[in-house]
2 protein chains.
Amino acid sequence: MSHDVSPLATPFPALPAIAGATPHIVRAGYKDWGRCDLTYVELAEGTSVAGVFTRNICCSSEVDLGRANIGQGLARALVVNAGNSNAFTGYRGREAVEQIMDQVAAHLGAPREQVFVSSTGVIGVPLPKDKARDGVTAALASPECGWEDAARTIGTTDTFPKGATATAIVGDKTVTLSAIIKGSGMIAPDMATMLGYIFTDCAIAPAYLQELLGVAADETFNCITVDSDTSTSDTILAFATGKAGNQRINCGGCPGADAFAAALRDVCRQMAHLVVKDGEGAQKFIAITVTGAASDASARKVGLAIANSPLVKTAIAGEDANWGRVVMAVGKAGEPANRDTLSIGFGGIWTAKDGQPVADYDETPVAEHLKGHDISIAVDLGIGDGRATVWTCDLTHGYISINADYRS
Amino acid sequence: MSHDVSPLATPFPALPAIAGATPHIVRAGYKDWGRCDLTYVELAEGTSVAGVFTRNICCSSEVDLGRANIGQGLARALVVNAGNSNAFTGYRGREAVEQIMDQVAAHLGAPREQVFVSSTGVIGVPLPKDKARDGVTAALASPECGWEDAARTIGTTDTFPKGATATAIVGDKTVTLSAIIKGSGMIAPDMATMLGYIFTDCAIAPAYLQELLGVAADETFNCITVDSDTSTSDTILAFATGKAGNQRINCGGCPGADAFAAALRDVCRQMAHLVVKDGEGAQKFIAITVTGAASDASARKVGLAIANSPLVKTAIAGEDANWGRVVMAVGKAGEPANRDTLSIGFGGIWTAKDGQPVADYDETPVAEHLKGHDISIAVDLGIGDGRATVWTCDLTHGYISINADYRS
C-alpha cells in the first residue's frame, strides 16, 4: 500500500465471523516485501460455491481452472496469492496452480477441484512453485486471523483494506454475509485486479447461489469502471458454509430466498463501490443514472460510455459541469438516442433539457455540488423506460502518476 | 493556440495553390480573441464534393445539413467557423447554419445545398447570427489568403497548423492535392473536433470521389484515436475543381484512377497522423500493427483496444515496455485471439512469443526505443491473416492539465 490513502476511503467495517470459514495469512515472499501475501481460507465440508470470472480472453490459469471447477458446486478452500498474477505464463503458471490445489486437497482429504486459487500482481512471471509450496505449508499450520488481516493480505496497490457485510432473515434464522475485496483500477502498474470473496453461513444450493451471484454481479461489479481496462484475473467467489442452520434455499420460492438475494446484492454493491473509491488517483466518486432509454441494457451501455469517457472524467476532476462532454459521450455510445429529447443534470439540477441548454440555468448550486466527493450525473434520453446506474471515479494527475511516472 | 507547441509538431509544408479553390480568412469575433476565426473557400463551378461525417448521434446541424447535401455532388463554397461548435443548440443553431448557406449562395448565384458549413468550439451555445452575417460579408469582400493562414484559422486548441499535399499523374496531366486539417483530441475542453478539407484540381466524378474518400478514411481517419472520445462535429470534405484538365475520372478503370486514389490515401494518412501528433498532451506518436488476426476488421478492433487503453498509453508515457498491459488490452477487445499463440514486441524486438515471455529477452534496446518520439508496437495473434495498423499518442499529465485543470 505504497500510495497515499484514497480521499474516498472508508473505515474497515466490523465483519462478523462466519461459522465454517476460517481465514489464515502468511508471508510466502512472492515479492521482496515484509508483509503477508498468501491468504488461505478453510471451508467446512459441504460448502456451496458460486463464481463469476473475467471475460478477458488472455485470462490466467487460476481463472481457467476456477471456471472449470465452479460447476461442481462445492468448495473446501480458497488460496489467494498477492504480488504475482501468474497470468500469461504458459504451462509453468498452470503447474504452479495445480501444485497448490494438490497440496491443499491432500491436507484436507478433499478432491482438488474443491480448492480455488486466485493470484494478483505482475503479469508474465510464473508463480514460483517453491515459495508457493512453503507458503501453503505455513498457512495450513497457522492460527486463524481476522477478516481485516485477510483483506489487507489480498491487496496489492490498494490504498485501504475493503470489507462489506449484510444479514438476512431466512425462515427463523439470521444468516450473515462477510466479504472482502481488493482492486484499484481494473488492472494496475504490473499489479492489481479485482478479486472479491463473499462468505456466508447460509445454507443454499450451489446452482441457485450461482444464479443469484450472476444477477447481483450484473447490477454491481459489471456497472463499475475505473479506466475501462479489464483485468486478466478478475474473480468474484461466493462461499456458503450452511452453518446458520436455516432451511436450505434451493430456488426462488424457498422461504428467505428474496431476503438472501437482497443481502447478497447489498454486499456486492458495497464491494463494487469500495473498488471505485480506491480507483487509481480517484478524488471523486461518480454515480451516473441513465433513464428514458430504449431498455435497461441500453441504459447501462450509455452509462458506461459516459463513465469511460476521459473527457467526462477529467471534467469532473476539474469540478466543471461540462455537460457538452456528456452529450458527446451519449452520442458515441452507439445506442438509440435522440439529440432533441436529451436532458442532462448534475447533483439533481438539470443543465440541459430536451436537446438545449436550460434557459434560466443557475450554475451556482451545480458548482457547489461538484466540489464534493460524491458526484451524481443524471441523463434522461426521453425515448423509453430503460434505466441503469453505473459508478466510476474521476481521472486525475494521480492516475497518470501511478501508471506512468516510473520506469520498469 | 494557447498551449505549448506539441513536441511532435512538424513544420507546415509548402502547399501548392489549387486552381478553382481560393481561401479567405476574416475575424467574425465568435470569441473574445484577436485572431481570425472564419474561413471561406470559394470553389469553381462544377467542383465535385465528397464527405465523411461523425457517427456521433448528437451531431451538429452543420453535420446534419452536410450529410443531407453531400449526395448531390457539387460544391461552390466552404465556410468554417472556429470558436463555437454550434452543437446541441436546437433550432436556433440550425437557423444560423441555414443563414450562412443562404447568404453565400445568394452572393454566388448558386443553390444553397452547394454551400458546406462546419463549426468547431464550445458545445451548447447557438452560433450568433449577427456575427456570422457580418463575418461572411467581410469574407466575401476579402483578398485571397494562403493555405497556412486557413489552416491556422480553422484551428482551436491545436498547437500547430496542419497541412498535407500530394500529386498524381492522371493520363498526361499532373493533378495536385492540398489539404488542411485541425484536431487535437477527439473533442477538447469546450473546443475542438477533427475538421479536414482536401482540395484538388483533379477532374473526378462526385460518386467516385466519395467511394475513394470512404476507403481512404477507413484506413486513416478511422484508424486513429487520441482519447477514444468522438466529436459531435467531425467532418472530412474533399473538393475537386477539375481545373487540371485531365480526362475526368469516373470509375476505377479510368486512366490515373489508381494513382489518384493512392495520392488521396497518402494525403489522408498525413492528415490523420498530424492530428495524433497534436493529441492533447502527446509526447509520443505510437503505431500499433496487429497481424495474424482472424480478419483485417478484427485486427483493427484489437489495435484500437490497445490504442484506447489508458494503461497502455500511460505505460508508453512512462517509457515502460509493459507488455502485460498489451496482453490485457488484446484480451478485452472481444475479438478472436488465443493466449497461447500471442506475441508482442516493441521497436521491432519481440518481448513475448507464443503466450510466454521470450527467454533471452534483452530489455536494453527496447528501453532505448521507448525513449524516442516514434514508438512501434507489434502484436501477432497467430491465428489468421488479418492485419491492420492504428495510430495513437501517449496519455500524460499534459492531457489531464488541458482537460481538468481549469474551471468553466
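## The sheet in chain A

In this predicted model, chain A has an open sheet of seven strands, in the order E8-E15-E10-E14-E11-E12-E13 and with mixed pairing. Strands here are DSSP runs (E, at least two residues), helices are runs of H or I with at least four residues, and both are numbered from the N terminus. Two strands count as paired if DSSP finds at least two bridges between them. As background, strands of a sheet pair through backbone hydrogen bonds, either parallel or antiparallel. At the edges of the chain A sheet sit E8 and strand E13 (356–357), each pairing on one side only.

Further in, let's look at E11 (residues 343–346) of chain A, which pairs with E12 (residues 349–353) of chain A in the antiparallel sense, over three bridges. Which residue of E12(A) stands opposite Ile344(A)? That's Ala352(A).

A word on the ground rules: residues are numbered from 1 along each chain as its sequence is written, while chains are lettered from A and ligands numbered from 1 in the order in which they are written. Since we're dealing with a predicted model, local features need pLDDT of at least 70, side-chain atom pairs count only at pLDDT 80 or more, and totals for chains, interfaces and linings use all residues.

## The sheet in chain B

Chain B also has an open sheet built from seven strands, ordered E8-E15-E10-E14-E11-E12-E13, and the pairing is mixed. Its edge strands are E8 (224–225) and E13 (356–357) of chain B, and each pairs on one side only. Strand E11 (residues 343–346) of chain B pairs with E14 (residues 374–380) of chain B, antiparallel, over four bridges. In that pair, Ile344(B) faces Val379(B) of E14(B).

A helix lies over part of this sheet: H6 (residues 257–277) of chain B lies across E8, E10 (285–293) and E15 (386–393) of chain B, running at about 45° to E15(B). Axes are lines fitted to C-alpha atoms (for helices over the stretch in contact), and angles run from 0 to 180 degrees between N-to-C directions.

## Two domains in chain A

The domain assignment splits chain A into domain 1 (21–277) and domain 2 (285–404); such bounds come from an automatic or database domain assignment. Taken over C-alpha atoms, the centres of the two domains of chain A are 33 Å apart. How many residues of domain 1 of chain A are in contact with domain 2 of chain A? It's 10 residues of domain 1, touching 13 residues of domain 2, with contact meaning that C-beta atoms, placed from the backbone, lie within 7 Å.

On the domain 1 side, strand E8 (224–225) and H6 of chain A each supply at least two residues. H6(A) gives the most, with four residues. By class, that side has six nonpolar, three polar and one charged residue. Here Ala, Val, Leu, Ile, Met, Phe, Trp, Tyr, Cys and Pro count as nonpolar, Asp, Glu, Lys and Arg as charged, and the others, Gly among them, as polar.

## H5 against H6 in chain A

H6(A) has another partner. Helix H5 (residues 206–219) and helix H6 (residues 257–277) of chain A pack at about 40°, with their axes 9 Å apart. That makes H5(A) oblique to H6(A). The cut-offs: under 35 degrees is roughly parallel, over 145 roughly antiparallel, 65 to 115 roughly perpendicular, and the rest oblique.

Their crossing is right-handed, meaning the near helix is turned clockwise from the far one by less than a right angle (anticlockwise would be left-handed). H5(A) brings Leu212(A), Leu213(A), Ala216(A), Ala217(A) and Glu219(A), while H6(A) brings Ala261(A), Leu264(A), Arg265(A) and Cys268(A). The tally is seven nonpolar, no polar and two charged residues.

## Helices meeting between the chains

Helix H11 (residues 397–404) of chain A and helix H8 (residues 310–317) of chain B have axes that come within 8 Å and cross at roughly 65°. H11(A) and H8(B) are therefore roughly perpendicular to each other, and the crossing is right-handed. Ile400(A), Asn403(A) and Ala404(A) meet Leu311(B), Thr314(B), Ala315(B) and Ala317(B) there. This contact has five nonpolar, two polar and no charged residues.

With the chains swapped, H8 (residues 310–317) of chain A and H11 (residues 397–404) of chain B have axes that come within 8 Å and cross at roughly 65°, in a right-handed crossing. Leu311(A), Thr314(A) and Ala317(A) meet Ile400(B), Asn403(B) and Ala404(B). The classes come out as four nonpolar, two polar and no charged.

How values were computed. Two residues are in contact if their C-beta atoms, placed from the backbone, lie within 7 Å.
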